[in-house]
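User: I've got a model open and want a quick tour of its backbone and packing. Can you take my questions as they come?

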Amino acid sequence: MRLIGLVVLVLSCLVFASLPPDPYTVLGLKKGSNIKDVKKAYKSLVREWHPDKNDSPQAAERFMEISKAYELLNDPLKKDRYDKYGTVDDEPRGGGGNPYGFDPFFGGFGFGGFDNGNSYFAKHRVGIRQYTNTILEKSHYQPYIIFAYSGYCRSCFAMESIWQSAVEDLEPLGYGIATVNAMTDSNLLERMRVSRLPTILVLLEGRTVHYRSSPHYTTAKSLRVFARDVIPESYIIKLASYDKLKRFLDQAKSTNKVSVVILGSAPSPRLRYLLSAMRLSGTARFAYVHLGEATEEVDYMREAMSIKCTQCENVLVFNEFPEDGPIGRLSMSKASDLSKETLNSLLDQHPFLLLPRIASPLFLDALCPLSSRSSRVLCVWLVATSSSDPAIQSLRSFVAKKKKEIKEKNIRVAYISATAQSEFLRPFTDSRSSEVENSSRDIVMVWRSESQRGRFSWFEGAWKSEEAAESGANLMKEMEGVIEGTIKLDKAILFPQMIDEYQPSLFSRLSKRLVRLIEQAWFELSKEEVYPVISAVFAFLLIMMIGYGVSHSMREEKGNRRAGYCPPFNGRRTPSMDSGWHPEDPKMTRE
């Protein structure tokens with residue numbers, strides 16, 4: 001019996017020795033101490049046991065224990081879990097556990113880290129500075145799928161192969177990829193509202209949408225589907241009739257964007273098309289036609305676009321002259337053969353209309369970029385009175401004829417509204433000497449050497465719609481003179497701020513925000529969370545309807561009782577006939 005007791009004692013000592021140290025004991029605190037005391041104790045111990053300040057052989061190990069204890073107790077969720085169950089493992093003692101199967105932060109606390117430094121997660125790792133300065137702004141034109149992990153999260157590294165497979169499919173299509181390590185960037189995870197690990201989310205238009213499925217049921221395919229479905233369908237318009245197609249193409253001039261028509265075999269636009277539409281949303285409009293629909297309208301559109309197949313992928317680009325046919329065309333028998341590089345090459349060859357309108361800072365930077373003196377980009381602007389100015393159409397026809405020459409000489413021709421951009425043009429117009437004729441329009445040639453600085457020359461009445469041929473010849477000579485250096489851009493300019501003519505109204509912004517919130521709730525709320533809300537809303541509406549019905553019926557019943565009452569009448573006025581009766585009133589008597 002003594003031997004058995006000794007063995008049990010030895011085994012118990014070994015078990016307790018292998019258990020992870022209590023974080024409160026490591027920090028010298030009582031169990032249940034608040035976060036303020038935790039931070040105070042951590043700062044004091046770090047100053048004492050930092051390896052750079054303490055030469056003790058145990059300093060490094062002691063410093064790691066202090067850091068791990070602080071990382072656990074500094075998080076309210078993990079601290080609450082540890083206080084209740086004495087552990088931060090997946091399943092707390094006594095049942096329960098995480099209904100979604102996510103490991104909390106540092107789920108492997110007390111064990112060695114799982115990150116050996118060569119994990120696939122490290123390939124796309126970002127910090128808060130890169131996230132704030134670069135990724136957040138790019139998310140308006142490129143979505144990012146982000147994986148939040150920790151070196152002490154076992155479930156994170158169990159999903160490493162799934163994540164790698166999904167990334168190898170998404171990254172070649174143009175999807176942004178990022179990973180965040182909770183050990184070093186916990187403040188970034190707090191900003192993205194990440195409370196458990198592993199967490200997968202998509203950063204889109206400056207907002208985050210979380211992937212809610214359990215890691216145990218997550219596959220590379222489910223991640224690809226999530227990455228596709230989270231992109232709003234509004235980036236690509238679906239067309240089902242020829243009239244809608246014609247209307248879409250005819251809106252190029254009013255929207256100031258090229259028209260991209262995709263005819264594919266899938267019922268919905270593929271992910272590569274959605275990514276391209278999002279990337280070029282500022283300068284292009286996208287529409288999609290499903291070739292697999294067996295309707296007369298689809299057959300008519302196929303015939304109009306000269307497409308013979310029904311299981312192929314076709315991309316057509318149109319400018320403001322859709323009657324002349326597409327200016328760019330691409331056709332593939334299989335969608336898998338259409339690479340990101342091939343698609344982007346086609347779209348980047350035709351980024352703007354023949355004569356675009358400078359109506360926002362985006363168009364200004366794209367149509368009049370910064371350039372050095374050796375590779376100068378000459379910007380030529382027609383100063384129009386309005387978007388319906390006849391001079392615009394005549395100049396557009398001139399540009400269509402001289403398109404090749406203009407492109408070879410690195411010249412960008414556009415027009416700008418003198419009314420809408422009056423403040424922006426004020427420094428330019430100060431150099432005008434006189435008023436021009438009603439049929440004439442001014443031309444300004446600009447070179448941007450810096451973001452806010454450049455040089456220009458103002459040519460008064462240089463374009464006459466009634467004499468387009470002669471005006472075009474003279475304009476070509478002047479542009480060549482500036483390029484060759486015989487004509488100087490003699491005036492310096494400090495560019496003022498340009499207004500965005502396409503800035504949506506307050507109502508449009510609020511409506512878009514509401515739609516995005518609904519879409520985000522659709523992805524982030526599970527059925528178990530949605531059903532109680534829906535039940536409460538319907539119960540409230542039912543109670544209101546019942547209350548209104550009861551109140552209405554009571555009012556009708558009361559009205560009927562009043563209608564059946566007939567006061568006595570004997571030729572004299574009675575109190576019941578005059579609600580203003582008073583006993584001292586001599587004109588009234590009481591019955």
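User: Where is R193 found?
Analyst: R193 sits in the loop between α9 (186–191) and β4. Keep in mind that this is a predicted model.

User: What is the phi of R193?
Analyst: About 60°, so positive, although R193 is not a glycine. Most residues other than glycine have a negative phi.

User: Is R193 buried or exposed?
Analyst: R193 is partly exposed, at a relative accessible area of 48%.

User: And E205, what is its phi?
Analyst: Near 55°, again a positive value in a residue other than glycine. E205 lies in the loop between β5 and β6 (207–210). E205 counts as buried because its relative accessibility is 15%, and the cut-off for buried is under 20%.

User: What kind of peptide bond joins L197 and P198?
Analyst: A cis one, with omega about -5°. P198 is in the loop between β4 (196–197) and β5 (199–204).

User: Switching to helices. At what angle do α8 and α10 cross?
Analyst: Roughly 45°, with the axes of α8 (residues 160–170) and α10 (residues 220–229) coming within 8 Å. That angle makes α8 oblique to α10. Their crossing is right-handed.

User: Which residues make the contact?
Analyst: From α8, I162, S165, A166, D169 and L170. From α10, A220, L223, R224 and A227. By class, that is six nonpolar, one polar and two charged residues.

User: Zooming out, how many helices and strands are in the protein chain?
Analyst: The chain has 22 helices and 16 strands. Of its 591 residues, 41% count as buried.

Notes: Residues numbered from 1 in each chain as written. Predicted model: local features only at pLDDT ≥ 70, side-chain atom pairs only at ≥ 80, totals over all residues. Heavy atoms only, no water. Axes fitted to C-alpha atoms, helices over the stretch in contact; angles between N-to-C directions. Helix = DSSP H or I, 4+ residues; strand = E, 2+ residues; numbered from the N terminus. Parallel < 35°, antiparallel > 145°, perpendicular 65-115°, else oblique. Left-handed = near helix turned anticlockwise from the far one by under 90°. Contact = heavy atoms within 4.5 Å. Nonpolar A, V, L, I, M, F, W, Y, C, P; charged D, E, K, R; others polar. Buried < 20%, exposed > 50% of the residue type's maximum accessible area, 1.4 Å probe, protein only.
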